[in-house]
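Work through the exercises below with the sequence and the model side by side. Try each task before reading its solution.

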Amino acid sequence: MEFNRIIKLLRKERGITQKQAAEDLGVSQALLSHYEKGIRECGLDFVVRVADYYNVSCDYLLGRSAERNGMMLSAEDIPNPDKMKDNIYHGSVLPTMNKKLISNSLNVLYAKIGDCHSKALTTEVSAYLMTAVAKMFRLLYSAESHNASSMFSVDARRWPGYSDAVMHSAQANVEALLAGEALPGGEGVADPSCLAMTTESLTREYPLYTPSLLNLVKTSETRARELTGEDCT
């Protein structure tokens, strides 16, 4: 399902014509066009040829891995942003500050989710947040008309509605789980007292991260009140 999209993406990113790629891969342009459109399926030998040609893994070509080298990502493989050398955005303090506010706030959010011992809750909250990030990344990526649209498997017309639907669904599921309702993915939160908190208790439990969370909440509510024209002082 992913092969046709990915081989088109790789060709676009390399900046070569379909005719040139077909010649290099030893097939006709018409056949390569059919492969890129998903009209025909290729054999394993062609998959291997394409992998060698673009210097990627077969798992990546087949959509089994999001990494070009075919690596299956695990929690241990994800770099810690606090330890990355490029954690500072040169030229402006604002991006660095906002990133830290969001990152630190997520530490508190996931800590409180962990107190609920609900796998389903973690899944739904994560679906909401990951989709929100994906939406912003896609807006940035799509602003440059030369970027290959085939990077994405959901087309541009459907993406806004589909992504909004995913986020609304995830939010509704979180509300249901917090109300104690079970979902196909797991049980609801049986005792919401695990989420009892005050600014004092949050500061005590997460002294490094709570200031960021409280500032994030304040900033978000200020922007929300601006939409209604309310006094934000």
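**Exercise 1. Find how many aromatic pairs the whole structure holds, and classify the pair of Tyr35 and Phe46.**

Solution. Rings of Phe, Tyr and Trp (its six-membered ring) pair if their centres lie within 6.5 Å, and planes under 30 degrees apart count as stacked, over 60 as edge-to-face and the rest as tilted. A search of the whole structure with this rule gives five aromatic pairs. In one of them, the ring centres of Tyr35 and Phe46 are 4.8 Å apart and the planes stand at 45°, so this pair is tilted. Next, place the two residues: Tyr35 belongs to helix H3 (residues 29-37) and Phe46 to helix H4 (residues 44-54), so the pair ties together parts that are 11 residues apart in sequence. Here helices (H or I, at least four residues) are DSSP runs, numbered from the N terminus. Both Tyr35 and Phe46 are buried, where buried means under 20% relative accessible area, exposed over 50% and partly exposed in between (1.4 Å probe, protein chains only). Finally, ring pairs link Phe3, Tyr35 and Phe46 into a cluster.

The model is predicted: local features need pLDDT of at least 70, side-chain atom pairs count only at pLDDT 80 or more, and totals for chains, interfaces and linings use all residues. Residues are numbered from 1 along each chain as its sequence is written, and side-chain values use heavy atoms, with hydrogens and water left out.

**Exercise 2. Classify the pair of Tyr53 and Tyr54, and find which charged end sits over the ring of Tyr53.**

Solution. The ring centres of Tyr53 and Tyr54 lie 4.7 Å apart with planes at 70°, so the pair is edge-to-face. Both Tyr53 and Tyr54 are buried. For the charge, the test is that NZ of Lys or CZ of Arg is within 6 Å of the ring centre and within 35 degrees of the ring normal. Arg14 is the residue sought, since its charged end sits over the ring of Tyr53 at 5.0 Å from the centre.

**Exercise 3. Which residues touch the most other members of the largest nonpolar core, and which helix gives the most to this core?**

Solution. A nonpolar core is a set of buried Ala, Val, Leu, Ile, Met, Phe, Trp, Tyr and Cys residues joined through side-chain atoms within 4.5 Å. The largest one has 25 residues, of which Phe46, Val50, Tyr54 and Leu61 touch the most other members. Helix H1 (3-14), helix H2 (18-25), H3, H4 and helix H5 (58-61) each supply at least two residues of this core, and H4 gives the most, with six. Leaving aside neighbours within four places in sequence, Leu61 is in contact (heavy atoms within 4.5 Å) with several residues, including Phe3, Leu10 and Val50. A second, separate core of eight residues includes Ile113, Leu121, Val125 and Val174.

**Exercise 4. How many disulfides does the structure hold, and why is Cys116 not bonded to Cys194?**

Solution. A disulfide is a pair of cysteine sulfur atoms within 2.5 Å, and the structure holds zero of them. The nearest cysteine sulfur to that of Cys42 belongs to Cys58, 9.8 Å away. For Cys116, the closest cysteine sulfur is in Cys194 at 3.5 Å, which is too far for a bond. Cys116 is buried, with a relative accessible area of 10%.

**Exercise 5. Where does Asn55 lie, and is it buried or exposed?**

Solution. Asn55 lies in the loop between H4 and H5, and its phi is positive, about 60°, although it is not a glycine. At 67% relative accessibility, Asn55 counts as exposed.
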